[in-house]
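Reader: Before I rely on any of the labels used for this model, I would like to see each one set against its definition. Could we go through them in turn?

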Amino acid sequence: MAPMRVGFIVGKDTDLVEDAKYVGDASFLSDMPDMYRVDPESHEYLKNCAEGTKGFAHADVAIPWYIKKHYGEELEVDIILPEDITLKRLKSNVVNYIIGYDVINAVFEGQERLQQMIKMFKGCGNLMPSWEVQDFIYYKSKYMTACQEAGIPMAPTIFGLKDDRTPEKLLAEIEARGWKTFVMKQSFMAFSLGFRKLTVEKCKEDPNILKEYFEEYEDCPEFVVQEAIEGFTRNWETRCFWFNGEFLYAIANKAAVSTEDGAECIITGDDIPEEFLENAKRIGREALKVLPPLLTPDGQPVGMTLIRTDIGCSDSQIYDKDTKWDPTSRTFFLNEIEYGGTTYFIRHLKFDAMPLWGKLYAEKSFEIRDKMGLTNGAATSNGDGQPKMKRARTDSGVLKKPAGNNVKSAGNTVMKKPSAKVMAKARARREA
């Protein structure tokens, strides 16, 4: 049997494996082409940098390269860089795992690029997780509403949908709920951009605060507005990693504003307080149940790929009239759900996670292969020479390499991925 062709969509620059903190053996990366390494200064792949630039491998390329080295007889690995994504390329693989670049990244490259990506991700029919799962997570109102209905604790929340929101209406809703301080977030956004922590008092004194926010982010499909949880920044936020619905590991982080040295603190393994870990696992396990089922390209149920659940902690009074949390004890709540393109934190772990991730993605590919009855690395034919899977449109316009700063395309300003300075400011704003 010929190897099964498996794609990995990459594009990380914040999840190093070639790093002094990594406890594993990185020698398997010694023969990986430099084109997949990232320059820490420009955050560009070395293939787009001046000759002689030194770069390092991140988790998204390290995982498929590990699979290539250890499972190469059965799996043909196709590492897909962001600028190389085409519908034809995606459909040439039996399955494509998103472990780096995704639609959220495309948001920063303008509407034209974003719509191309959505069209291809919807049309290829063989993404893992599927477009249905991605869409459910991208639109925070979808999974948050499902979690609320399932009784999963969450911060009091109001959704501001694009076609049904005004600053005046939002402030009236917030006042009616009894909030004093609140945070503004967005769906289809990353890097803490669009995050604001505001008070009702100041917004009433100066209506322009919300008005300017609404104008700046008028194209955002939905605002996610939550009562600010005072204990969130001074307690551990515990992030649990799940695959096939099974718990793998967790990391916990505390905001820089709450640490003695003013730097974000990350802990893992048995350093995470048991109370925080067990409650994070309990809530995360319930959150997994609200997700849409994951299906193979031909429609058969299969275990869920990577999901990360982020759990916060409240330890003081909140003012929402409908939420009765005891201010004298800790209340744990779901903050966010993320999927395969998230940060894996491999260099922070006390164990070598590369064999684990390599095995999980390889075995998931074998599971899909067996369920689909694949032979010779392709799906069983429908009789027309095409794989027996969901049929998608075959148009496959080649995407240009993401544009640089302040470029305009088809009348749409292209957003550049935030610089380290912008990221630092965004984090500081979030922690304030």
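Reader: How many salt bridges does the structure hold, and what makes a contact count as one?

Author: The structure holds 33 salt bridges, a salt bridge being a side-chain nitrogen of Lys or Arg within 4 Å of a carboxyl oxygen of Asp or Glu. This is a predicted model, in which local features need pLDDT of at least 70 and side-chain atom pairs count only at pLDDT 80 or more, whereas totals for chains, interfaces and linings use all residues. Residues are numbered from 1 along each chain as its sequence is written, and side-chain values use heavy atoms, with hydrogens and water left out.

Reader: Why is the contact of Asp78 with Arg89 called a salt bridge?

Author: The N to O distance between the side chains of Asp78 and Arg89 is 2.7 Å, and the limit is 4 Å, so the pair qualifies. Asp78 lies in strand E2 (residues 75–80) and Arg89 in helix H2 (residues 87–91), so the salt bridge ties together parts that are 11 residues apart in sequence; helices (H or I, at least four residues) and strands (E, at least two) are DSSP runs, numbered from the N terminus.

Reader: Why is Asp78 called buried or exposed, and what is Arg89 called?

Author: Buried means under 20% relative accessible area, exposed over 50%, and partly exposed in between, with a 1.4 Å probe and protein chains only. Asp78, at 7%, therefore counts as buried, whereas Arg89, at 24%, counts as partly exposed.

Reader: How do you know that the salt bridge of Asp320 and Arg177 ties together separate parts of the sequence?

Author: The closest N and O atoms of Asp320 and Arg177 are 2.7 Å apart. Asp320 lies in the loop between strand E12 (307–314) and strand E13 (331–339), while Arg177 lies in helix H7 (residues 167–177), so the pair ties together parts that are 143 residues apart in sequence. Asp320 has a relative accessible area of 3% and is therefore buried, and Arg177, at 19%, also counts as buried.

Reader: Which residues share a salt-bridge network with Arg239 and Asp310?

Author: The side chains of Arg239 and Asp310 meet in a salt bridge at 3.4 Å, N to O. This pair links distant parts of the chain, with Arg239 in strand E9 (residues 237–243) and Asp310 in strand E12, 71 residues apart. Arg239 and Asp310 are both buried, and salt bridges that share partners join them with Glu237, Arg308 and Glu338 into one network.
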